[in-house]
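Work through the following exercises with the sequence and the coordinates open beside you. Each begins with a task and continues with a solution in steps.

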Amino acid sequence: MEMEVCQSLSLDCLISIFALLQDEDLLTASVVCKEWHYAAETPWLWRRMCLQRWSFCNVSQLLSDTGMPSWKGYFQRRSHLEKKMKTGRSTADYTCKSLRGHKGKVVGFAYLAGNDGCSDVWTCTPVVCSASTDGTIKAWDIQKGVNLWTSPVQSPLQDMTVDAVQSVIITSDSTGTIKTWKGATGEEQACFNSGFSRSTLLAFSNKDGSSFLMVGSVLGSLLVLSLPALSEVSRHVVCDSFMLNLLLSAPDKKWIFAASKDNFDLSPKVFCSDSVCDHAEDRVCFSLPVTGCCAAVFLPSQAARLAVIHSDGLFRNKTLSVFDLIMKESKYKREPRAQQVASFQVDLSHRSDVILQARGSSTVLLADGNHLKVYTIKGELVASFEDHLQPITALCVDSFRVVTASRDLSLRILTWRTHPEHGLTLESQYHLLGGSHTRSRGFTNVACDYSSIVASVESVDGKDVLKAYTFDF
């Protein structure tokens, strides 16, 4: 009877039926008989399954046993990796390396080369760079847990960022000196004396591939420099006499958001990026119709959708407003606008810094003390978690998972799931621990790529450490 069923259906019929199956059922069907196996191996089925599960796949980066690209092999290996990231069993699923060597506080770190899940998922070697008040930058191979290079000692560093496309590291120090460094060797490339005792850095690349550095000053001005040469391009006043400590760029690369979190009466400003990244006198910018900005984020799947948490001066009375940034153009002028999409109240219970992140086009995440809350942009509370004993200090979000870092010296891993009836939801999975409480004061920051997590630990002796968790393929 089994042989009759196998032979009675054409190949096209089998493929159409198999398109309705999940991966495990498809694998089961492939061992029924020779005909079903041939149909189940059809690349179109596995390609369809890959693209349904992940927004982007590069199958050319994975070769099958025959030496040819295999959608089935790609699906199985990437699914296996995500299963490990979801379960988090120590030693079986991941390795942990302690990256020691800094003799001061780690003021920033970032992936110089990471695994984004879109390119070479299985052979990429993640490299993380860190900057410290000890005056050095260090580059790390986080899989091996080794230091690749260390920069010469200079004045205490107070911020850093990277331009991963050009493989450039940018730092600012306590004297106001901004420098660029070659990512491969740690060699200094350029130097610019800003005169700012404190600054906020944002690396930015426009649509034509040119790179720039946005510098927010302690006096409220926005300085734009070219990268990696650090030549001054333009300078603008955003908020007089208050630290410009919030800089963001839109996914469509058309907008720069700038704000100070230090004054309840100030409105954030939005700049058209092409107007600040050249030497033209016509600057296109406008103020958002809110004051007292304490957190903001661009939603990654929209061209220029911005979520902002702001207040009327009272701590608990916070509003989360969402705007679409648009440009109305006519023959003679350009008129930028912020079109409000949604607005709702959020009740904050802690006086620690509010952290705001986003997923997709309609989901925002808010860390308030040791609470993590997930909202739609319409104000619906999707999920709420209280997994940590002490305040959350950092939040990392992608399309597969969420990682929270806390002063309780733990990282919490949560994963996204699409429920058939309730839609997108978030599920709490497990903790990653950071070491001894007697030697540290908890995690201060966290960053992720597709297959690893790196977090900074504030040490009691003042010599901060990075913890790197790498999930095995």
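**Exercise 1.** Determine which kind of contact joins the side chains of R337 and E335, and state how exposed each residue is.

Solution. In this predicted model, begin with the distance: the N to O separation for R337 and E335 is 3.6 Å. The cut-off for a salt bridge is a Lys or Arg side-chain nitrogen within 4 Å of a carboxyl oxygen of Asp or Glu, and the two side chains do meet in a salt bridge. Next, turn to accessibility, where partly exposed covers the range between under 20% (buried) and over 50% (exposed). R337 has a relative accessible area of 38% and is therefore partly exposed, and E335, at 33%, also counts as partly exposed.

**Exercise 2.** For the salt bridges of E188 with K179 and of D398 with R401, decide whether each partner is buried or partly exposed.

Solution. Take the pair of E188 and K179, whose closest N and O atoms lie 3.4 Å apart. E188 has a relative accessible area of 36%, so that it is partly exposed, whereas K179, with 15%, is buried. Continue with D398 and R401, where the closest N and O atoms are 3.9 Å apart. Here D398 reaches 26% relative accessibility and counts as partly exposed, while R401 has a relative accessible area of 1% and is buried.

**Exercise 3.** How many salt bridges does the rule give, and which residues are linked with R407 in a network?

Solution. Start from the general principle that side chains of opposite charge can pair when their charged atoms come close. Applying the distance rule gives a count of 11 salt bridges. Then follow the links from R407: a network of salt bridges connects R407, R441 and E458.

**Exercise 4.** Lay out the order of the open sheet of 4 strands, and explain why β2 and β5 each have one side without a neighbour in the sheet.

Solution. Write down the order, which is β2-β3-β4-β5, with antiparallel pairing. Now look at the edges, where β2 (106–113) and β5 (146–150) stand; each has a single partner strand, so one side of each is left without a neighbour in the sheet. As for orientation, neighbouring strands of this sheet are turned by 25 degrees against each other on average, direction ignored. Finally, consider the pairing of β3 (residues 127–132) with β4 (residues 137–141), two antiparallel strands joined by 5 bridges. Within β4, A139 is the residue that C129 stands opposite.

Note on methods
Residues numbered from 1 in each chain as written. Predicted model: local features only at pLDDT ≥ 70, side-chain atom pairs only at ≥ 80, totals over all residues. Heavy atoms only, no water. Pairing = 2+ DSSP bridges. Axes fitted to C-alpha atoms, helices over the stretch in contact; angles between N-to-C directions. Buried < 20%, exposed > 50% of the residue type's maximum accessible area, 1.4 Å probe, protein only.
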